[in-house]
Amino acid sequence: MKTMKGKNRINLQNMKKETKTIRLIYPQWQGANIVKLITEVENPDDASRGYVLGAQLLNFLAPNNGQETLTVPVSTEITDRKVTDGVLDRDIIARQTRAALNILQVSNPDKIVTLGGECSASVVPFTYLAQKYKNDVALVWIDAHPDITLPGDIYPGFHAMAVTACMGLGDAKILAELPTRFTPSNILFVGLRNWEREEIKERQKQYGIKHLTPIDVAQNSDAIKAWLKSCGATKVVIHFDMDVLDPAEIIAAVGTDPDGMKMEEVIRVIKDIAAEKELVGLTIAEPMPRTAIRIKNMLHQLPLLQ
């Protein structure tokens, strides 16, 4: 009898669905127009495509834990970059958005680690996960900026429209590729310190999205935990834009706004969030490896290496 019970227990365990976590390399760079901010890189095309190398480096530096790794096909061709309906490189982004969603639909992961790429690398995996879990997902956006611009605003880069796209607002062609949207009440900004324009601050108020500054989370994660408890969702996705980090400690991204979060603070915040809710998505975005780009360009000019 004991043997039969043991066999039944094993069978039930085998019947349980294993959670599938994938690593998604998403080196999208077309959503940004940042060459004026990367002055140490001589060739502006190299600066534009710096996100591609950044995504590759993130994958190289991240621990190899055996996760299935998939890569979104992203064009590295430099064309005449044009603004269509208020979005820079709109048609290319729409095509890559479709490709990314196709990858996820075929793979059907339960959890996704995304290595970008600029901030729009979160849009497809986060909306995919929101649909998978029937919108029972909160979104914590750790970033120096709110990324809620819209087509027609002064800056046409889609990476600054990433959160509004997750909310189902913005360019119709790109939004048509996305499976669902987040409600503003399920979104929290953490580390926010630069709205860039007063209209963006007002827009955030209109949307009703709450935010916490670096000072608010410097000592503990209590304010984040309180928000998570008030949020009805049982699962969470986290976007970590590395420009949230204090440039006095490290310059890892494009943005270098002063008085950011320390690396240990970001680690603690992400761990505390994962302890409160089931973490199903994590994006690390906006890597801009300035020094690595220059070293790469140097190596490409040396004899016996060409």
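## A tour of salt bridges, a buried strand and a helix pair

Start by selecting R197 and D153: these two form a salt bridge, with their closest N and O atoms 3.9 Å apart. R197 lies in the loop between β7 (187–190) and α8 (198–207), while D153 lies in the loop between β6 (137–142) and α6 (162–166), so the pair ties together parts that are 44 residues apart in sequence. Bear in mind as you click around that this is a predicted model.

Now switch on a surface. Are the two partners buried or exposed? R197 has 18% relative accessibility, and because anything under 20% counts as buried, it falls on the buried side. D153 is buried too, with a relative accessible area of 14%.

**Next stop: K262 and D246.** Here is another salt bridge, and its closest N and O atoms are 3.0 Å apart. Both K262 and D246 sit in the loop between β9 (235–241) and α10 (263–276), 16 residues apart. With the surface on, K262 comes out as partly exposed, at 33% relative accessibility. D246, on the other hand, is buried, at 8%.

**Then select D85 and R90.** Their side chains meet in a salt bridge, 3.1 Å from N to O. Which of the two is exposed, and which is buried? D85 is the exposed one, at 56% relative accessibility, whereas R90 is buried, at 8%. Keep that pair selected and add D91, D171 and K173: salt bridges that share partners join D85, R90, D91, D171 and K173 into one network. If you feel like hunting for others, the structure holds 19 salt bridges.

**Now go to Q28.** You'll find Q28 in the loop between β1 (21–26) and α2 (44–48). At 0% relative accessibility, Q28 counts as buried. What does its side chain make a polar contact with? Show Q96: the side chains of Q28 and Q96 make a polar contact at 2.9 Å. To see what else surrounds Q28, leave aside its neighbours within four places in sequence and display Y51, V74, I93, Q96, G117, E118 and S120, which are in contact with Q28.

**Step back into strand β1 and pick L24.** L24 lies in that strand, and at 0% relative accessibility it counts as buried. Draw a distance from the C-alpha atom of L24 to that of P125: the two are 101 residues apart along the chain, yet the separation is 8.7 Å. P125 is also one of the residues in contact with L24, once neighbours within four places in sequence are left aside. The others to display are L70, V72, I103, L104, I112, V113, T114 and L115.

**Last stop: two helices.** Colour α3 (residues 50–61) and α11 (residues 290–299). Two packed helices are described by the angle between their axes and the distance between the axes. For α3 and α11, the angle is about 100 degrees and the axes are 10 Å apart. An angle from 65 to 115 degrees counts as roughly perpendicular, and α3 and α11 are therefore roughly perpendicular to each other.

Which residues meet where α3 and α11 pack? Show side chains for G50, L53 and L57 in α3, and for A292, I293 and K296 in α11. By class, this contact has four nonpolar residues, one polar and one charged.

Terms used: Residues numbered from 1 in each chain as written. Predicted model: local features only at pLDDT ≥ 70, side-chain atom pairs only at ≥ 80, totals over all residues. Heavy atoms only, no water. Axes fitted to C-alpha atoms, helices over the stretch in contact; angles between N-to-C directions. Helix = DSSP H or I, 4+ residues; strand = E, 2+ residues; numbered from the N terminus. Parallel < 35°, antiparallel > 145°, perpendicular 65-115°, else oblique. Contact = heavy atoms within 4.5 Å. Nonpolar A, V, L, I, M, F, W, Y, C, P; charged D, E, K, R; others polar. Salt bridge = Lys/Arg side-chain N within 4 Å of Asp/Glu carboxyl O. Buried < 20%, exposed > 50% of the residue type's maximum accessible area, 1.4 Å probe, protein only. Polar contact = N/O pair within 3.5 Å; in protein donor to acceptor, adjacent residues only side chain to side chain.
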